[in-house]
Amino acid sequence: MVNPTKIDRLTTVYETQEFVKSIDSSMINFLYVSPKKYKRDLYVNSKILNELDSMFINYKLLLKEDFDANGYTDLIVTGEKYRHSFDVFAIMNQGNETYRVEYLTISGINDFPVYPKLVYKENLPVIELYGHARMFDDTMGNISKRTLTYNVNQQAFLEYNAKPLQKEVAKIEFSRSGCFGKCPVFDLILYKDKPSTLKAKAYNFSKTYEFGKEEGIFETMIDEDNFAKISQLINYINSSTLKSTYFAAGTCQETLDLKITFADGTIKAINDYGGMGTNGLVLLYNKLSRLRFNQDWKKL
């Protein structure tokens, strides 16, 4: 049974826009835009957009469902949080008129409209995102689709996977190369049951960087709960099915390298320029990056 809240009472685009602006200070400039109206003058001759429009003749503006099964209706909206970037957001209803905003499109500069569609798989509510393939991977000229469902264990929308892996993770190697700016630069080597190492190079614990002076090498035992949750995420996103290379549009972005070694000896390596490969990978990158600050590192 769903407990009625403000989301259930929303009926118009204007009401929805003002509601979204009121629940999160970062959304104060949110502009609700339907994919049917976004940049029509720019893409008037777009074959892909015409095909998408024909697929969504009866497009539904307000998608509502209890995605996290907590008894409250959640909301899917489209539009601009920042000007010149079209995104799809989930407004997660936490009860007592408290809400959390999540990106469904991967945060970046998305200049092409995306159509969200609510479907059901094995009785689970699922959001399908339809857009230009270049928004979702490195191919060009085609319509592409991402299928996302809310994962309660990870508390995030991830690519739908009915059959997660059941493999033991032995070692995780993760590095971020830096960008044209102050992106963190570091190398992580993680183990389940022996000391892990962090080589902090720049912009990790310091806001400034002096050429040739890295921040240092650190060591710790990763706590079991964090390693278990990261391993669970790796199994859920089924890393064996992911591509080995992802490439985001644009220049001067960071490169993320991930190498996972399983206990059975199999290895999965991923090189991701821009760090936007999949929703699951983005969450994994964030969890690994946060280990720099939520573990008890000792400088060697």
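Let's call a residue buried when its relative accessible area is under 20%, exposed when it is over 50%, and partly exposed in between, using a 1.4 Å probe and protein chains only. Keep in mind that this is a predicted model, in which local features need pLDDT of at least 70 and side-chain atom pairs count only at pLDDT 80 or more, while totals for chains, interfaces and linings use all residues. Residues are numbered from 1 along each chain as its sequence is written, and side-chain values use heavy atoms, with hydrogens and water left out.

Start at helix α2, residues 13-23, where Thr16, Gln17, Phe19 and Val20 are the buried residues. They sit on the same side of α2 because they cover an arc of only 165 degrees around the axis, taken from the directions from the helix axis to the C-beta atoms. An α-helix has 3.6 residues a turn, so residues three or four places apart point the same way. Turn to the face away from that buried side and you meet exposed Tyr14 and Ser22. Helices (H or I, at least four residues) and strands (E, at least two) are DSSP runs here, numbered from the N terminus. The buried residues of α2 pack against α1, β1, β3, β4 and β5, where contact means heavy atoms within 4.5 Å.

One of those partners, β4, is worth a stop: seven of its seven residues are buried. On one side lie Asp87, Phe89, Ile91 and Asn93, on the other Val88, Ala90 and Met92, so to speak both faces are covered. In a regular strand the side chains alternate between the two faces of the sheet. β4 runs antiparallel to β3, joined by five bridges, and valine 77 has phenylalanine 89 as its bridge partner. Five bridges also join β4 to β5, again antiparallel, with alanine 90 opposite glutamate 102. Strands count as paired if DSSP finds at least two bridges between them. The β3-β4 hairpin has six residues between its strands, and histidine 84 takes a positive phi near 75 degrees. In the β4-β5 hairpin, five residues lie between the strands, and glycine 95 has a positive phi of about 85 degrees.

Now for the other sheet. Eight strands form an open, mixed sheet in the order β14-β16-β15-β10-β11-β12-β13-β17. β14 and β17 stand at the edges, each with a single partner strand, so one side of each lacks a neighbour in the sheet. Further in, β12 and β13 run antiparallel through five bridges, and lysine 199 partners isoleucine 217. Helix α5 packs on the sheet, touching β10, β11 and β15, with its direction at about 85 degrees to that of β10; angles run from 0 to 180 degrees between N-to-C directions of axes fitted to C-alpha atoms, for helices over the stretch in contact. α6 packs there too, touching β10, β11, β12, β14, β15 and β16.

What about the interior? A nonpolar core is a set of buried Ala, Val, Leu, Ile, Met, Phe, Trp, Tyr and Cys residues joined through side-chain atoms within 4.5 Å. The largest has 32 residues, with Ile172, Leu258, Leu281, Leu284 and Leu288 making the most contacts inside it. Its largest share, six residues, comes from α6. A second, separate core of 16 residues includes Phe67, Leu104, Val114 and Phe157.

Finally, the whole structure holds one disulfide, meaning cysteine sulfur atoms within 2.5 Å. Cysteine 179 and cysteine 183 form it, with sulfurs 2.0 Å apart.
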